[in-house]
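User: I am new to this structure and would like to understand how its descriptions are reached. Could you take me through the reasoning?

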Amino acid sequence: MEERQDVWIWLAPGDVPPTGLELVAPGRTLAQRLGSGLSAVVIGESADELITAAAGSGVDRIVVADGEAYGVYRTDVYAAALRTLVEHHRPAVLLFSADQTGRELAAAVAAALKAGLAQDVVALETTGTGSVLFTRPVLGGKQMAAQICGPGIPQIATVRPGTFRHAEAFFDAPPPTVVQETIRVPDSPLRVSRQIRVAVQDKVDLEGAEIIIAGGRGLGSPKGFDLIREAAEALGAQVAASRAAVDLGWISHAHQVGQSGARVSPRLYIACGISGAMQHLAGMSGSDVIVAINKDPRAPIFQVADYGVEGDLYKVLPPLIEVLKKR
């Protein structure tokens with residue numbers, strides 16, 4: 001039995017780049033503090049693309065389970081494979097991205113291993129005793145809770161997407177070691193499988209965006225998003241929305257930021273006509289710079305904004321767009 005006790009990050013199949021790559025930076029920091037290495041774990045059919053992505057990310061090792069059985073995502077099959085890999089290699093920490101698949105798989109693996117699980121983590125620290133202190137938001141983001149899952153093996157957590165930026169490739173790092181594993185899939189009836197289809201027009205990369213401009217109920221009508229899109233094109237930004245705008249049918253859920261939407265941390269977040277409800281703030285408060293445009297001086301969004309513009313967005317945005325176009 002191999003006893004490396006690395007920090008592991010799971011790379012989900014089907015995503016390019018894999019969502020798990022944003023865990024390389026926090027995973028590396030955690031590994032250094034624990035005095036261990038950093039490994040990426042890959043499960044899939046013909047997983048060469050995932051392996052290539054992991055090889056350029058800066059991990060020390062890639063653990064691979066490749067086979068026809070993993071062509072379609074099934075929680076029971078993937079959980080069984082991952083459980084076998086964990087029991088063989090015994091990592092100290094296992095991290096997933098807290099998207100739908102990551103949450104589901106992490107819970108299944110934790111249950112199978114009788115291990116603790118911290119969901120939707122936004123910070124990771126070490127305690128000095130080999131345990132990891134996971135911090136996650138509770139009560140709609142109003143409070144933070146600290147959780148320890150250790151010192152058992154492994155300590156499992158899902159990390160909120162957008163919390164950490166994708167690490168730059170470690171060009172001077174040696175190539176990672178690739179460990180191929182052959183795992184027999186248990187003979188069990190097909191219960192649940194998932195095939196994800198995303199409409200091209202609704203494919204939005206909010207979590208990886210550097211600049212986001214978002215509209216809310218204050219736009220007044222769905223036509224307001226025409227102005228938001230024009231501003232986004234001038235800025236090189238992604239278009240986002242509050243839950244209120246989505247619930248009104250003005251824009252698809254793919255653009256929603258908040259507790260029930262995407263969690264983002266861009267360099268610049270511009271909120272237009274968004275009051276700043278707690279559930280929305282929970283999804284964007286990690287932005288580097290927040291600019292709020294709202295004609296209500298008492299809007300809660302001004303309490304978290306770095307820059308606030310009290311005024312009608314239909315009078316504020318057009319001249320800004322013109323300036324940006326000239327530049």
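User: What makes Arg61 count as buried or exposed?

Analyst: This is a predicted model, and in it Arg61 has a relative accessible area of 3%. Buried means under 20%, so Arg61, with its 3%, is called buried. The residue is found in strand β3, which covers residues 61-66.

User: With which side chain does the side chain of Arg61 make a polar contact, and why is it called that?

Analyst: The partner is the side chain of Ser39, at 3.3 Å. Because a polar contact requires a pair of N or O atoms within 3.5 Å, the distance of 3.3 Å between the side chains of Arg61 and Ser39 meets that limit.

User: Why is helix α3 called oblique to α4?

Analyst: The axes of α3 (residues 75-89) and α4 (residues 100-113) come within 9 Å and cross at roughly 55 degrees. Angles under 35 degrees count as roughly parallel and those from 65 to 115 as roughly perpendicular, so α3, whose angle belongs to neither class, is oblique to α4. The crossing in which α3 passes α4 is right-handed.

User: Which kinds of residues form the contact of α3 with α4?

Analyst: They divide into 9 nonpolar, 1 polar and 3 charged; among them are Tyr78 and Leu82 of α3 and Leu105 and Val109 of α4.

User: How do you know whether Ile293 is buried or exposed?

Analyst: Ile293, found in strand β14 (residues 289-294), has a relative accessibility of 3%, and since the limit for buried is under 20%, it counts as buried. Leaving aside neighbours within four places in sequence, its contacts include Ile270, Cys272, Val309 and Leu317.

Technical notes:
Residues are numbered from 1 along each chain as its sequence is written. This is a predicted model: local features need pLDDT of at least 70, side-chain atom pairs count only at pLDDT 80 or more; totals for chains, interfaces and linings use all residues. Side-chain values use heavy atoms; hydrogens and water are left out. Axes are lines fitted to C-alpha atoms, for helices over the stretch in contact, and angles run from 0 to 180 degrees between N-to-C directions. Helices (H or I, at least four residues) and strands (E, at least two) are DSSP runs, numbered from the N terminus. Angles under 35 degrees count as roughly parallel, over 145 as roughly antiparallel, 65 to 115 as roughly perpendicular and the rest as oblique. A crossing is left-handed if the near helix is turned anticlockwise from the far one by less than a right angle, and right-handed if clockwise. Contact means heavy atoms within 4.5 Å. Ala, Val, Leu, Ile, Met, Phe, Trp, Tyr, Cys and Pro count as nonpolar, Asp, Glu, Lys and Arg as charged, and the others, Gly among them, as polar. Buried means under 20% relative accessible area, exposed over 50%, partly exposed in between (1.4 Å probe, protein chains only). A polar contact is a pair of N or O atoms within 3.5 Å; within protein, one must be able to donate a hydrogen and the other to accept it, and residues adjacent in sequence count only if both atoms are side-chain atoms.
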